[in-house]
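Reader: I should be grateful for a close look at one part of this model, set in the context of the rest. Please treat the helices and the loop of interest together, and then turn to the wider arrangement.

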Amino acid sequence: MTSEAHNARVSSRSAKILDGVIIALVAIASVLCLVPMLHIFALSLSGNSAIMAGKVTIIPLDIDLTAYRSVFGNAQMIRSLVFTIVLVALFTVISMAMTIMAAYPLTKKHLKGRDFFLFVIVVTMFFSGGMIPEYLLVKNLNLLDSIWALILPGAINAFYLLIIKTFFSSIPVELEESARMDGASSFRILIGVVLPLSLPVLATLSLFYAVGRWNGFMDALLYITDQNLYPLQLRLYEMVMNSQVNSMLEGLGTSPPVPESLKAASIMFATIPILLVYPWLQRYFVSGMMIGAVKG
Amino acid sequence: MEATTRPRAREAPRWQIKALVRDWQLYSLLVLPMLYFFTFKYVPMLGAVIAFKDYNIFEGIWASPWVGFETFREIFQMQGFYLALRNTFMLNLLDLIVSFPIPIVLAILLNELRIHWFKKGAQMVLYLPHFISWVIIGGMAIQLLATNTGIVNSVLKSMNMAPIPFLTEPLYWVFTYLGIGIWQSAGWGTIIYLAALTGINKELYEAADVDGASRLRKIWHITLPGIKPTIIILLIINIGHMASIGFDRPFVLSNPLVTDVSEVISTYVYKIGIQSARYTIATAIGLFQAVVGLIFLLSADYISRKVNDQGIW
């Protein structure tokens, strides 16, 4: 046997080992991502005695659906879910409409004042009045404890606006020009030509807005005190976090402790809708990131 | 653009009128968005002047008397302010040191995977935490890590080991904060590097194969240099954001036992402004952070232009 063949065999063996190491490392990272969620899922389905004994890891023990029954039987929880769905739908529609309305005219280089409008928009990406002036504004507009407090202040995301604008700009001018020759107005061109050609980016950004609103928490914490208008995240915060912090500090809690399985079931209740749309989310978000990355 | 439209307009005045009619539609589309930016972005910026006033809700913003930099003098004497400022920089800096390299390593590992379905599946799982809200992550953190009831400490106890106060001891809390940040964002952070990796010239790898280079050598001499510009630009962007910190993550993970390390500017402004209704002080703190944040960002952009001949936006 020549030494060259020997070397090749050794290097193919070490290549296999390296392959194995890489697979193992990625597998460990993936498992670490999933285990916390699997544990919560197991808790939500397990009986309280098994939980208290610390036996429940990632497999449910003494399967018990009481927690889910009480979450779904909890009128406040259901109200928050319905309110959040309405909120997300309304917010996404309004945000997309406003963003498109701003983005389309700004793709027209001949538009007088275009640079000024763009400047006005870009400044807001780098500087803001801050939490308190925004709070006082919402308060002075009498929007506290109203669904509009959760829709209007964040209606346009300047970064998303620039993404849509970039995409609109990439549509061949000839398509718009030929529609214009046929006598179509700007409104008609936007609705009949530009928007149908932009469906993928519109879907992506709708998801951006919708997920942001679904997961949004801080504005509700600031602007909403009426229990009827609690979005899911705020409800969850009150129920899971506050009670846990109180029980952690022992004795400070005024309300009776919430059972672990109930907290876990509530967490699952707010997570499952995201998990259901996750396959689409993942695909569109990755492509959206790419648009953003190409732009930047 | 002026030069191109002017002569055309002079030749055909009717075309100009037609263009104005067309632009009128474009302007009408802009009305609502501009009203939005004015009301919800610029009015609060103007509203930040209450940092220089003795703001009184009954008199309103404009009628309240001016006090100049009095409020700033006051916040610079507040110990809580320095603590929040220090924690903001400390947590951001630790995030940068500890969390920044992980997506790079992970992206290279994913890039080296040869089994297609395994790679796709791993990406699917690794991106998932990015979509979970901080409230939910905070709830999960307590269920996993609480000293009495959390599963991690239950396991430690069953192995006769001392429980670890992940959330209630300041030093451990910092590690928990960093670890959860990695859990939430490391997978998602690989996307931008994976995009950069696809841009590396395949011929470089083929040439290296001909020379008999090992895989590790190829990673070191081709892959890493290939994504170096991306690494540098993301590093600069991160440094540019050093002075600003999100609200949700420190807020949901903190508790009264660890405020010494967990109180950051955003949560401090909330505490002072919303919970105690001391609007002037809280606005001044927010304004101070916005200005410092802007200085950092502009410096980062300046450095980026020097290093990369390209700004960060």
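Author: The account below begins with one helix of chain A and the loop after it, and then moves outward to the domains and to the other chain. The model is a predicted one, and every statement that follows should be read in that light.

Chain A contains 13 helices and zero strands. Read from the N terminus, its elements therefore run α-α-α-α-α-α-α-α-α-α-α-α-α. Of the 296 residues in chain A, 39% are buried. Where contacts in chain A link residues at least 6 apart in sequence, 68% of them join residues at least 24 apart.

The part chosen for close inspection is α6(A), which spans residues 131-140. This helix is mostly covered, with eight of its ten residues buried. The buried residues are M131(A), I132(A), P133(A), E134(A), Y135(A), L136(A), L137(A) and V138(A). One of these buried positions is E134(A), and glutamate belongs to the charged class.

Just after α6(A) comes N142(A), with a positive phi of about 60°. N142(A) lies in the loop that connects α6(A) to α7(A). Most residues other than glycine have a negative phi. The positive value at N142(A) occurs in a residue other than glycine. In contrast to the buried residues of α6(A), N142(A) is exposed, because 10 other C-beta atoms lie within 10 Å and the limit for exposure is 12 or fewer.

Beyond that loop lies α7(A), residues 158-169, which packs with α10(A), residues 199-215. Two packed helices are described by the angle between their axes and the distance between the axes. For α7(A) and α10(A), the axes come within 11 Å and cross at roughly 175°. Angles over 145 degrees count as roughly antiparallel, and α7(A) and α10(A) are therefore roughly antiparallel to each other. On the α7(A) side the contact is made by Y160(A), I163(A), I164(A) and F167(A), while α10(A) contributes V201(A), L205(A) and F208(A). By class, the residues of this contact are seven nonpolar, no polar and no charged.

At the level of domains, chain A is assigned domain 1 (3-52) and domain 2 (74-295). Seven residues from domain 1 of chain A and seven residues from domain 2 of chain A take part in the contact. On the domain 1 side, α1 (3-45) and α2 (48-52) of chain A each supply at least two residues. The largest share of that side, four residues, comes from α1(A). The side of domain 1 of chain A that touches domain 2 of chain A divides into four nonpolar, three polar and no charged residues.

Chain B is likewise divided, into domain 1 (2-63) and domain 2 (76-308). The centres of these two domains of chain B, taken over C-alpha atoms, are separated by 38 Å. Six residues of domain 1 of chain B are in contact with five residues of domain 2 of chain B. The side of domain 1 of chain B that touches domain 2 of chain B has four nonpolar, no polar and two charged residues.

Chain B also has a residue with a positive phi outside glycine, namely A277(B), where the value is near 55°. A277(B) is located in the loop between α15 (265-275) and α16 of chain B. With 10 C-beta neighbours inside 10 Å, A277(B) counts as exposed. The helix that follows this loop, α16 of chain B (residues 279-308), contains F288(B). F288(B) counts as buried because 21 C-beta neighbours lie inside 10 Å and the threshold is 20 or more. From F288(B) to I136(B) the separation is 152 residues in sequence and 31 Å in space, C-alpha to C-alpha.

Finally, the two chains touch each other. The contact takes 76 residues from chain B and 78 residues from chain A. On the chain B side, the largest share, 17 residues, comes from helix α2 (residues 13-47) of chain B. The residues of the side of chain B that touches chain A comprise 53 nonpolar, 16 polar and seven charged.

How values were computed. Residues are numbered from 1 along each chain as its sequence is written. Chains are lettered from A and ligands numbered from 1 in the order in which they are written. This is a predicted model: local features need pLDDT of at least 70, side-chain atom pairs count only at pLDDT 80 or more; totals for chains, interfaces and linings use all residues. Two residues are in contact if their C-beta atoms, placed from the backbone, lie within 7 Å. Axes are lines fitted to C-alpha atoms, for helices over the stretch in contact, and angles run from 0 to 180 degrees between N-to-C directions. Angles under 35 degrees count as roughly parallel, over 145 as roughly antiparallel, 65 to 115 as roughly perpendicular and the rest as oblique. Domain bounds come from an automatic or database domain assignment.
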